[in-house]
Amino acid sequence: MSSRTTGSKSPGNPTPQRQAMPKVNTVTAADITASLKAGFSDFLARPVMSGFFGLFYAVFGILLVWVLVWLGKIWMIIPAIVGFPLVAPFAAAGLYEMSRRLQNGESFGWSEILTVMANQRKREMGWMAFVTLFIFWVWIYQVRLWLAIILQKASFSDFGGFMNTVFFTSQGWTFLAVGTCIGAFLSAVLFSVTVVAMPMLLDRETNFVSAMLMSIRVVVENPVVMLGWAAIVSVTMLLSLVPAFLGLIFTLPILGHTTWHLYQRAVPPEES
């Protein structure tokens, strides 16, 4: 008896179709400007709630430095401060949700935003947090490695001595040069895999690998503009750290809201 299934397919079980990757829009300097304006508008629409996320991030930074001083890990203060902005994309998840709701004209309060943030642990955002924190760990580890190799005979009994060694000795200049190059590379990698991935994971049902690949595509297909955006983010975040991290109360929310609107311009909406 011959099989009736050979050469035929049940109409109730169609052949799975491979899902096409979303297209990437061309991003221009005008898109960056428009996104910044929209981000600033979102901040002004909910300044207290937006500022809360910036304040939380700033307080965490202050506590991080205090703990390092308390533990006597003076050498870690500068790399921790410089690497601290690397985790900002994950910290801005609540800001993305605020911008999404403002854009759609939806009303919301603290409970709605915090609930959405809490629910991200059940989705792929947790894996992106792991990627972010892993790169931050690599940054701290490589600083310690080059510190041992280049400044092995230096004494860091206090913060002043560490600063003097790093900024006023030839070995310190070498350490800064190597650390800057490696830090720039790690920052570029993290920026490329998160600039679109973080808001995309909050906005769509997708996995973190696909989100990272989409983020990389946006950067690769718009290298000059996205490099400019990366420079704006880096300089703004670092300058915000100068006044005891307090500048983050304003800059982190604005950059977070802006990132949402830039994502909307870079990745077309899902087809119905």
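1. Helices and strands are runs assigned by DSSP, with at least four residues for a helix and at least two for a strand, numbered from the N terminus. Read in that way along the sequence, the chain gives the pattern α-α-α-α-α-α-α-α-α-α-α-α-α. The count is 13 helices and zero strands. Please keep in mind that this is a predicted model.

2. Some totals for the chain come next. The chain has 272 residues, and 43% of them count as buried. Its accessible surface comes to about 15300 Å². Carbon and sulfur atoms hold 67% of that surface. Among the contacts in the chain with a separation of 6 or more, 76% are between residues 24 or more positions apart.

3. Now the packing of two helices. Two packed helices are described by the angle between their axes and the distance between the axes. For helix H1 (residues 29–45) and helix H12 (residues 223–241), the angle is about 35° and the axes are 9 Å apart. The crossing of H1 and H12 is right-handed. H1 brings Ala29, Ile32 and Leu36 to the contact, and H12 brings Val225, Trp229 and Ile232. Sorted by class, this contact has six nonpolar residues, no polar residues and no charged residues.

4. An α-helix has 3.6 residues a turn, so residues three or four places apart point the same way. It is worth looking at the H1 contact residues, Ala29, Ile32 and Leu36, with that spacing in mind.

5. Two other residues of H1 deserve a look. Ala34 is in helix H1, and so is Ser35. Is each of them buried or partly exposed? Ala34 has a relative accessible area of 23%, and because buried means under 20%, it counts as partly exposed. Ser35, with a relative accessible area of 1%, is buried.

6. Both of these residues have links to distant parts of the sequence. Ala34 and Leu262 are 228 residues apart in sequence, yet their C-alpha atoms are 8.5 Å apart in space. Leaving aside residues up to four places away in sequence, Ser35 touches Thr258, His261, Leu262 and Arg265.

7. Which residues of helix H5 are buried? They are Ala93, Gly94, Leu95, Tyr96, Glu97, Met98, Ser99, Arg100 and Arg101. Since nine of the eleven residues of H5 (residues 93–103) are buried, the helix is largely enclosed by the rest of the structure. Gly105 follows H5 and has a positive phi, near 70°.

8. His257 lies in helix H13 (residues 248–266). This residue is buried, with a relative accessible area of 0%. What does His257 touch, not counting residues up to four places away in sequence? The list is Gly39, Asp42, Phe43, Ser50, Leu95, Met98 and Ser99. With Ser50 there is also a polar contact, side chain to side chain, at 2.9 Å. Leu95, Met98 and Ser99 were met above among the buried residues of H5.

9. The last residue is Ser187, which lies in helix H9 (residues 170–194). Its relative accessibility is 31%, and it counts as partly exposed. A polar atom of the Ser187 side chain lies 2.8 Å from the backbone oxygen of Gly183. Ser187 and Gly83 are 104 residues apart along the chain, and their C-alpha atoms are separated by 8.6 Å.

Methods:
Residues are numbered from 1 along each chain as its sequence is written. This is a predicted model: local features need pLDDT of at least 70, side-chain atom pairs count only at pLDDT 80 or more; totals for chains, interfaces and linings use all residues. Side-chain values use heavy atoms; hydrogens and water are left out. Axes are lines fitted to C-alpha atoms, for helices over the stretch in contact, and angles run from 0 to 180 degrees between N-to-C directions. A crossing is left-handed if the near helix is turned anticlockwise from the far one by less than a right angle, and right-handed if clockwise. Contact means heavy atoms within 4.5 Å. Ala, Val, Leu, Ile, Met, Phe, Trp, Tyr, Cys and Pro count as nonpolar, Asp, Glu, Lys and Arg as charged, and the others, Gly among them, as polar. Buried means under 20% relative accessible area, exposed over 50%, partly exposed in between (1.4 Å probe, protein chains only). Accessible areas come from the Shrake-Rupley method with a 1.4 Å probe; for residues, only the protein chains shown count as cover. A polar contact is a pair of N or O atoms within 3.5 Å; within protein, one must be able to donate a hydrogen and the other to accept it, and residues adjacent in sequence count only if both atoms are side-chain atoms.
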